[in-house]
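Reader: I should be grateful for a close look at one part of this model, with an account of how that part relates to its surroundings. Please set out the reasoning step by step.

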Amino acid sequence: MDEFLKHYGTTFEQVVETYSKQILRNAYRIVRNTADAEDVAQEVYLKLFRKYDQFDSNSSLSTWINAITRNAAIDVLRARYRDPLRDPADIMFHEPAYRPSDPVEQRDLIKMVNESMEVLSPKEKKIMILFAEGYEYRELAEICGILEGTARSRLFRAREKLTLARLSKLSQGN
């Protein structure tokens, strides 16, 4: 831990203080609940303390913390939605910016998003989810362990697949 903190010239408390708002904001984007976001933040702090030795100093500390936050938040979603047939990462898309008040419209919108996501490969799904979380191309590349150009093209292909899938559904009258 001393080497880790020496590398950043700070104490663990300062790392927590520096990144606490970012952690809470990113956790809330995924879990959509303040209490759960705070629980995620606590879990992130514990994981940072326990797994500091797994940090790759060639990466950005911020990116590493964001990955831990995302994974901890997805764990909360898994606990919340124990349906084994649903991909927990897709649950993030169940809280769209447009949220119809009519339960039938809401169910149809969720169904459409889930069906659309099925056409994506796991890599494309991951990049779409990360992009929806607000990560920039550079961060997408770093998190996925790919070049920035690859992240851009993978995101482009995923969007294209989603658009084609939706157009195909519409042309079939669904």
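Author: A helix here is a DSSP run of H or I that is at least four residues long, and helices are numbered from the N terminus. The model is a predicted one. With that definition, the protein chain has 8 helices and 0 strands, and its elements read α-α-α-α-α-α-α-α from the N terminus on. Of the 174 residues in the chain, 41% are buried, where buried stands for under 20% relative accessible area.

The part chosen for close inspection is helix H7, which spans residues 137-144. Its buried residues are Glu139, Leu140, Ala141, Ile143 and Cys144. By residue class, Glu139 counts as charged, whereas Leu140, Ala141, Ile143 and Cys144 count as nonpolar. An α-helix has 3.6 residues a turn, so residues three or four places apart point the same way. After H7 comes Gly145, with a positive phi near 70°.

The next matter is the packing of this helix. Two packed helices are described by the angle between their axes and the distance between the axes. For H7 and helix H6, which covers residues 122-132, the angle is about 135° and the axes lie 10 Å apart. H6 is therefore oblique to H7, since that term covers angles between 115 and 145 degrees. The crossing of H6 past H7 is right-handed.

A cavity provides the next part of the picture. Rolling a probe the size of a water molecule over the atoms shows where empty space is left. The structure contains 1 cavity of 30 Å³ or more, and the largest cavity encloses about 40 Å³. Its lining includes Glu133 and Tyr135, and the rest of the lining is made up of Asn26, Arg29, Ile30, Asn66, Thr69 and Arg70. Helix H2 (12-31) and helix H4 (61-80) are the elements that each give two or more residues to this lining. In chemical terms the lining divides into 2 nonpolar, 3 polar and 3 charged residues. Ile30 and Tyr135 are the nonpolar ones, and Arg29, Arg70 and Glu133 are the charged ones.

H2 also takes part in a helix pair. H2 and helix H3 (residues 34-51) pack with their axes 8 Å apart, at an angle of about 140°. These two helices are therefore oblique to each other. H2 passes H3 in a right-handed crossing, and a right-handed crossing is also how H6 passes H7.

Technical notes. Residues numbered from 1 in each chain as written. Predicted model: local features only at pLDDT ≥ 70, side-chain atom pairs only at ≥ 80, totals over all residues. Heavy atoms only, no water. 1 Å grid on protein atoms, 1.4 Å probe; cavity = no way out; pocket = protein on both sides within 12 Å on 5 of 7 lines; lining within 4 Å. Points joined across faces, edges and corners; volume = space filled by probe spheres on them. Buried < 20%, exposed > 50% of the residue type's maximum accessible area, 1.4 Å probe, protein only. Axes fitted to C-alpha atoms, helices over the stretch in contact; angles between N-to-C directions. Parallel < 35°, antiparallel > 145°, perpendicular 65-115°, else oblique. Left-handed = near helix turned anticlockwise from the far one by under 90°.
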